[in-house]
Amino acid sequence: MSTAKTTFKQVKRHFSPSMALAGKFTGQGAVEASASGCRVTLSDDRTVLDFGSYAVALLGHRNTAVVDAIRTQLDLMPTSTRSVLNPVPAQAAETVVEYLAAAEFGGTTAPALSKVYFGGSGADVVEAATKLARLATGRSTVVAVAGGYHGKTLGALALTHHERFKGNLGALLAGAVHIDPTDPEAVEKVAAEHDIAALIFEPVQGENGVTPLDPAILARWCADAHEHGAFVIADEIQVGLRRCGDRSVALAHGLPVDAVLLGKALGGGVVPVSAMVCTEQLYAPLTVDPVLHTATFSGHPLATSAVAPALRAIEEHAEDGNRIAAEMAEGLAGIAAEHAGAVTAVRGRGLLWGLDFRSTEFAGEVQVGLAQRGLVVSTCLSRPEVLRLIPPIIARTEDVKEALVALHGAIEQATAATA
Ligand SMILES: Cc1ncc(COP(=O)(O)O)c(C=O)c1O
């Protein structure tokens with residue numbers, strides 16, 4: 001039996017039949033075999049262009065410097081005793097702190113983000129940051145934003161807005177309150193009724209169809225949260241690290257946040273690693289008692305060995321990111337104008353773009369066309385009528401053109417199929 005057939009059977013049996021079906025369709029009957037740069041080679045020898053990977057492959061696949069650093073660490077000591085200190089996570093912490101300290105800051109006094117907690121997933125650091133805010137303030141209310149996505153572990157899920165992911169879980173983490181993203185007074189209103197531990201927001205809501213929040217409203221919320229003694233957490237797991245142009249979108253907006261959460265691309269697209277980078281005040285409970293929040297693989301040397309080369313490579317490609325962003329903006333505006341009945345909106349910033357289609361069914365048809373044309377994109381699970389295009393920062397002009405041609409063709413095909 002072919003590798004693809006075996007994989008479908010195993011995924012169906014051990015994971016989920018609908019996962020097997022969706023993957024079978026996206027791979028057009030093939031499975032992943034290998035990857036390099038923007039391209040993924042499939043088991044049937046076809047090569048597809050990766051403008052998806054849920055924002056992980058910012059540097060494409062198998063960035064040489066990242067892979068070399070991980071190889072070196074693999075040969076030295078991939079896992080720590082956790083009893084003796086290891087220099088690799090310590091150096092990675094210093095690197096990520098320096099990276100954000102050098103970020104463009106649009107305000108007057110940049111926050112001193114000097115403390116770090118490493119996780120494996122995005123949800124890991126959402127949990128760490130909100131737990132620390134609750135410990136440091138002795139309060140339990142955490143304010144999140146309607147439409148926001150912060151992960152699916154129980155604590156993070158309480159802050160994620162979309163009902164689809166909550167099912168009938170009932171009482172999740174108590175104290176989560178969701179606010180209207182368009183209401184400048186929303187934090188003040190919650191503060192009138194509750195003692196707030198933290199405000200958490202994504203400056204651009206990626207999963208919610210790539211929806212930027214108004215920086216003026218965010219500034220007001222930050223001021224109100226601080227006025228009431230609450231911490232402010234910027235969840236940039238998807239949009240930070242130049243995915244949306246800046247090292248940190250919140251810092252570029254001049255927001256005096258107490259924590260920036262990073263993930264996805266932090267491991268260079270090779271290993272899973274995430275980070276909470278925060279102020280001493282938010283971290284205070286862990287400074288006093290570092291075992292209050294631990295995880296066996298937090299600060300894993302193999303994973304954290306990727307951080308410095310990943311951040312270096314991202315900075316080396318910062319200008320390329322601006323070029324790709326301009327090419328995407330122009331190309332998608334053209335597609336939206338040409339297919340006005342099909343594409344109802346285009347939103348984006350930097351290397352993160354969302355296309356709204358006239359219906360979920362239509363978006364599904366476009367996905368069929370994209371799969372046939374070998375372009376991988378990421379859906380928005382809470383907004384199935386929106387497709388996300390997430391190009392790597394290493395994409396060449398020809399790659400962007402190829403993606404736009406595929407999109408144009410897929411929309412034409414979907415229009416014909418639904419006429
Ligand atoms: C903004 C944001 N926060 C948190 C998460 C959760 O990250 P993970 O899936 O790695 O737990 C995601 C994942 O897409 C995200 O986009």
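Author: In this predicted model, contact means heavy atoms within 4.5 Å. Helix α10, residues 280-288, lies across β4, β10, β11 and β12.

Reader: At what angle does helix α10 run to β4?

Author: Angles are taken between N-to-C directions. Helix α10 lies across four named strands, β4 among them. Its angle to β4 is about 65°.

Reader: In what order do the seven strands of the open sheet come?

Author: The pairing in this sheet is mixed. The edge strands are β4 (115-119) and β6 (176-179), each paired on one side only. From one strand to the next, the twist averages 20°. The order is β4-β12-β11-β10-β7-β5-β6.

Reader: What angle does helix α5 make with β12?

Author: Helix α5 spans residues 122-137 and packs on the sheet. It touches β4, β5 (141-145), β7, β10, β11 (259-262) and β12 (274-278). Its direction makes an angle with that of β12 of about 30°.

Reader: Which residue in β10 stands opposite phenylalanine 201?

Author: Strand β7 covers residues 196-201, and strand β10 covers residues 231-235. The two pair in the parallel sense over four bridges. Opposite phenylalanine 201 stands alanine 234.

Reader: Which residue has a side-chain N or O atom 2.7 Å from a nitrogen atom of the ligand?

Author: The residues around the ligand include Ala123, Asp235 and Gln238. Alanine 123 places a backbone N or O atom 2.9 Å from a ligand oxygen. Glutamine 238 has a side-chain N or O atom 2.8 Å from an oxygen of the ligand. The 2.7 Å pair with a ligand nitrogen belongs to aspartate 235.

Reader: How much of the ligand's accessible area does the protein cover?

Author: On its own, the ligand has 390 Å² of accessible area. The share covered by the protein is 81%.

Reader: How many residues of the shell around the ligand are charged?

Author: The shell holds three nonpolar and five polar residues. Glu202, Asp235 and Lys264 are among the residues around the ligand, and Asp, Glu and Lys count as charged. The number of charged residues is three.

Reader: Which residue's backbone oxygen lies 3.2 Å from a polar side-chain atom of arginine 383?

Author: Arginine 383 sits in the loop between β16 (378-379) and β17 (386-389). Leaving out residues up to four places away in sequence, arginine 383 touches Glu207, Asn208, Gly209, Thr211, Arg347 and Asp356. The backbone oxygen at 3.2 Å is that of asparagine 208.

Notes
Residues are numbered from 1 along each chain as its sequence is written. This is a predicted model: local features need pLDDT of at least 70, side-chain atom pairs count only at pLDDT 80 or more; totals for chains, interfaces and linings use all residues. Side-chain values use heavy atoms; hydrogens and water are left out. A residue is near a molecule or strand if one of its heavy atoms lies within 4 Å of it. A polar contact is a pair of N or O atoms within 3.5 Å; within protein, one must be able to donate a hydrogen and the other to accept it, and residues adjacent in sequence count only if both atoms are side-chain atoms. Accessible areas come from the Shrake-Rupley method with a 1.4 Å probe; for residues, only the protein chains shown count as cover. Two strands pair if DSSP finds at least two bridges between them. Axes are lines fitted to C-alpha atoms, for helices over the stretch in contact, and angles run from 0 to 180 degrees between N-to-C directions.
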